[in-house]
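Hi,

Here's the structure I promised to pass along. Have a look at it first, and my notes on what turned up are underneath.

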Amino acid sequence: MKLPKTIIPVILVLCSVFAVCRGKVTAQNMSIGDKARWVGSFVGIEQPQIGASIYDAGAHLVSQMGAQGASILLGGLLMMSKDPKAGAVADVIIDHFADAYNKSGVAKWNQTMLKAHQAQLAGLVLSKLDIVGTVHDVTRMGSARMVMPLTKESKVNKDCYEDAMDVLDAVNEMQRSDLSWARIMFDATGKLPSGVLRGHMTALGSYESCLEIHGRIPKNIRIGALNKTSSRYPRDFDTKYCRATMTLKPTVFGSGVDTHGIRPLLTLGLCLPDSCKAQDVEGILRLGYVGRSLGSGVNDTEVYCPEERSMEGDTPAIVAVVILSIFGCLVLCGTLYELRQQFTVIEKNSSYKTNLKQDDHYDVIKERAENCYTTVNPAFVPDESKTNGDVKVQNGGGGIQNGSTGVGLPSGYMHHKEGDSIQPSGAPNGRGTETGSNHYVTVTVNSKEKSGTERKAPQRKDGTLGMFFKSFSIITNAPKLLSGKSGPGAITCLHGIRFFSITWIMLGHTYNYGLVKTPGVMTTVNFVDAIPMTQRFSFQAVVGAGYGVDTFYMISGMLLAFIQLKQMAKLKKDPKPGKIGYYVFYYYFHRFWRLTPMYMIILMIYTCLTLYLGNGPMWPKQIDSAEYCRENWWTNILYVNNLVHTDKQCMAWTWFLANDMQFYVVSIILLFFLTVNIKLGSFFVFLLMSAGIVSAGIKEHKYNGSFFTMQSDGGAFWNNVYITPWCRVAAFCVGLFLGVIFYKKPKANLTRTKAFIGWCVAVTVGFTLVYCTYSENKKNGETWSRNFRAVYESLGRPLWSVCVAWVIAACHYGRGGVVNSILSWSGLVPLSRMSYAVYLVHPIMMMIYVFSKRSLVYIANYDIIYLFLGHTVMSFMVAFVVSLAFEAPFMALEKLIIGGRK
């Protein structure tokens, strides 16, 4: 059955009518005859079954698209059909729908098929419609100004409006050679992609292509059915990239998708004339049919047009650059100073060795002048006697003592310059060795000494200024950072634990910075696919990455007790007020000096310079955490950013440092009691740990939060449970207990049975703590009760710390086995030294990378693994530079300030 082409757009018309009349007339309360008469009143169909089928198909289409969407898409067709001027437009639309109808095969259906497939009728016809071709043909017949007319109320710059409409009109003529730039602009503009329901809601377009375009509208050209004859033509303009982002409701993905409080964002990259600003674009989106189609969504739409940033007028950024330049100069000067010093020493040693070759023997004191066979370099003997050998003049017998062997030789003999072997020096007259009443020399020689190092010219000590410059020298600091050696008495397994803990934290943050915490645009292609990923058993290791922070707390407490109890024990023997006062001063000064300088420099870079470190279609207008630093930086330098202004945290991830410093500040009281009486001090540590456990349980029971509620609960769990010191102190107390054990028992004999039981318990408890969340997070998992969650939050962190404490104790006491071999590997030592710098810089590196991308991130196992490994490598590389330039110099300067007194 072939329908006349006036019948083809009936579905289109009915969709519009149903959308307008929705609520007054519905398919449910109409008979077949009513439906047929309703359709026939518009298109003249006499067959009731066909009319009813078309009516139901249109109603189904409306239900699928929504009343507003159908009204926007199809609403103007009836009005246009009554307007003679729009007759040609209607003919074009009808022609395209006729082609789609004929391609669909519906024309060959009988009444039975129409009735059976009435729900699929509209979708089938529309699937064959060439939408782009339809829009293209329609818009060629008129100007875009018809669709988006400018009114007096419009808040759009006139130049921007005219240029934008000309561009839209030129796109329809982009096959012309003089309008080829329009084709590039169209190509550079983002188009709504497929996979929207999977979270692919960002169409970035081509950022670089857009910025390279130069557009030109020639004079007297005809585009958009208008002749460009006014005085504003020819019109030349450059282009700019803008990003329009609309906030949607989470239900856009479907009622069964839980986004955990993350609001979906629909983003479209726009390539526009450079006469347009962000507010102009927002105004254009409110014009005509576009504004009506967006409806209330326009109010939730934000437009950002990235501009080339300049530091001119940005005083904080300029000051930051000056400060960094000063540090760069200090590093350069310190390195050159030490290089010059080394070359000077080499020249002196070379000159000194030349002198030794000319007089390569010792001065021999004899009673008779005729027995003097040699001359002496008087500068050598005292230097030798001070360093590697003892030169003694004896009357009578003697010899050269090499190691434990003493060899008596006449005074004409010398130690060979190339080794430890003893060779006789030939007498000038060719005679043998003198054996009369000669005096002998006893020389004690270090058998391990090698040529070239056994005789050096005296070196001049550096003054204060020289030591200051050498504190910044790469030659001095780089070997210290990269050395795989540990200090004497070091607990070597700590290096591996630090490294694996910081990488675990980075793994968790890989899913956070740039992927979940977005810069006003969804940076992922398949956000919805990330939700089932979190429901996997293996993903619980990512959810549990927060335990890495508790590991650092435990290590901090252990080292504090282990080291400071030794110092306090010495102080206890001689408790003079001056020594006690200096101890307290150095206790706090060392910690503050150790953490703060590098911390503040990175904070300065993050606050003042981060926005200058990248660009791109996803580059943010501002980074909120960095903007907060401009007002709340003082909370970081005082280490109270976990308690003050927590709703506007500067460098939000540094809450960890605030907790650690607060634990350190109050620990001196506990250390005092531990020094006075170990049992009394341990009791107070236990009380503090118990208070922390109870506090965490009470707070968690009140707020009932978790890893997945941080985005949806308005910060309640984060601010009141996760970052507060009273909910985290238990792990630190576990470390204090371990430090006391190491202090009291530096060596202990763990039997194999005890070690086996300890390892089994630690591994079992640790894996249970990490993976027990699967019971709740899995698909259709059972939600934990408040009581159970409170118990888990309060006991989980100290129990995890106990498990790690066992690993350290077992390795330290010789029961670590292969685990200790891995954790103590010398290759991890330099990486462990940089863990503090890595913690500070890795979120910044993650944000810069993701925000600078020209394409979206695909969330899949291998993609995230590569992303994580890239973040790890780059973070450690930057951390090395930061440690070299800021951390190591200040540690060296501490020795210069304090001197040898500690």
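Cysteine 629 is buried, because its relative accessible area is 2%, under the 20% cut-off. Keep in mind that this is a predicted model. Cysteine 629 is bonded to cysteine 650 through a disulfide, S to S 1.9 Å, and the link is right-handed, with 95 degrees about the S-S bond. Cysteine 629 sits in helix H24 (residues 624-637), while cysteine 650 is in the loop between H24 and helix H25 (655-676), 21 residues apart. Cysteine 650 is buried too, at a relative accessible area of 1%.

How many disulfides are there in the whole structure? A search finds 4, and if you count the bonded cysteines along the chain, the pattern reads 1-5, 2-4, 3-6, 7-8.

Another one pairs cysteine 160 with cysteine 276, S to S 2.0 Å. This link is right-handed, at 100 degrees about the S-S bond. It connects distant parts of the chain: cysteine 160 belongs to helix H10, and cysteine 276 to the loop between strand S6 (265-273) and helix H13 (278-284), 116 residues apart. Both cysteine 160 and cysteine 276 are buried.

Then there's cysteine 242 with cysteine 305, S to S 1.9 Å, again right-handed, with 105 degrees about the S-S bond. Cysteine 242 is in strand S5 (residues 235-247) and cysteine 305 is in the loop between strand S7 (301-304) and helix H15 (315-358), so this pair ties together parts 63 residues apart in sequence. Cysteine 242 and cysteine 305 are both buried.

Two further cysteines, for your accessibility notes: cysteine 772 is partly exposed at 23% relative accessible area, whereas cysteine 803 counts as buried at 10%.

Back to H10 for a moment. The axes of H10 (residues 158-171) and H11 (residues 180-188) come within 9 Å and cross at roughly 100 degrees, so H10 is roughly perpendicular to H11. Val167, Ala170 and Val171 in H10 meet Trp181, Ala182, Met185 and Phe186 in H11. By type, the residues of this contact are 7 nonpolar, no polar and no charged.

Finally, the cores. The largest nonpolar core has 126 residues, and those with the most contacts inside it are Tyr606, Met651, Trp655, Phe742 and Ile808. Helix H23 (residues 577-608) gives the largest share of this core, 16 residues. Apart from this core lies another, of 23 residues, including Tyr207, Ile217, Ile221 and Val521. Leaving aside neighbours within four places in sequence, the contacts of isoleucine 808 include Ile491, Leu494, Met554, Leu738 and Phe742.

Cheers

Note on methods: Residues are numbered from 1 along each chain as its sequence is written. This is a predicted model: local features need pLDDT of at least 70, side-chain atom pairs count only at pLDDT 80 or more; totals for chains, interfaces and linings use all residues. Side-chain values use heavy atoms; hydrogens and water are left out. A nonpolar core is a set of buried Ala, Val, Leu, Ile, Met, Phe, Trp, Tyr and Cys residues joined through side-chain atoms within 4.5 Å. Buried means under 20% relative accessible area, exposed over 50%, partly exposed in between (1.4 Å probe, protein chains only). Helices (H or I, at least four residues) and strands (E, at least two) are DSSP runs, numbered from the N terminus. Contact means heavy atoms within 4.5 Å. Axes are lines fitted to C-alpha atoms, for helices over the stretch in contact, and angles run from 0 to 180 degrees between N-to-C directions. Angles under 35 degrees count as roughly parallel, over 145 as roughly antiparallel, 65 to 115 as roughly perpendicular and the rest as oblique. Ala, Val, Leu, Ile, Met, Phe, Trp, Tyr, Cys and Pro count as nonpolar, Asp, Glu, Lys and Arg as charged, and the others, Gly among them, as polar. A disulfide is a pair of cysteine sulfur atoms within 2.5 Å.
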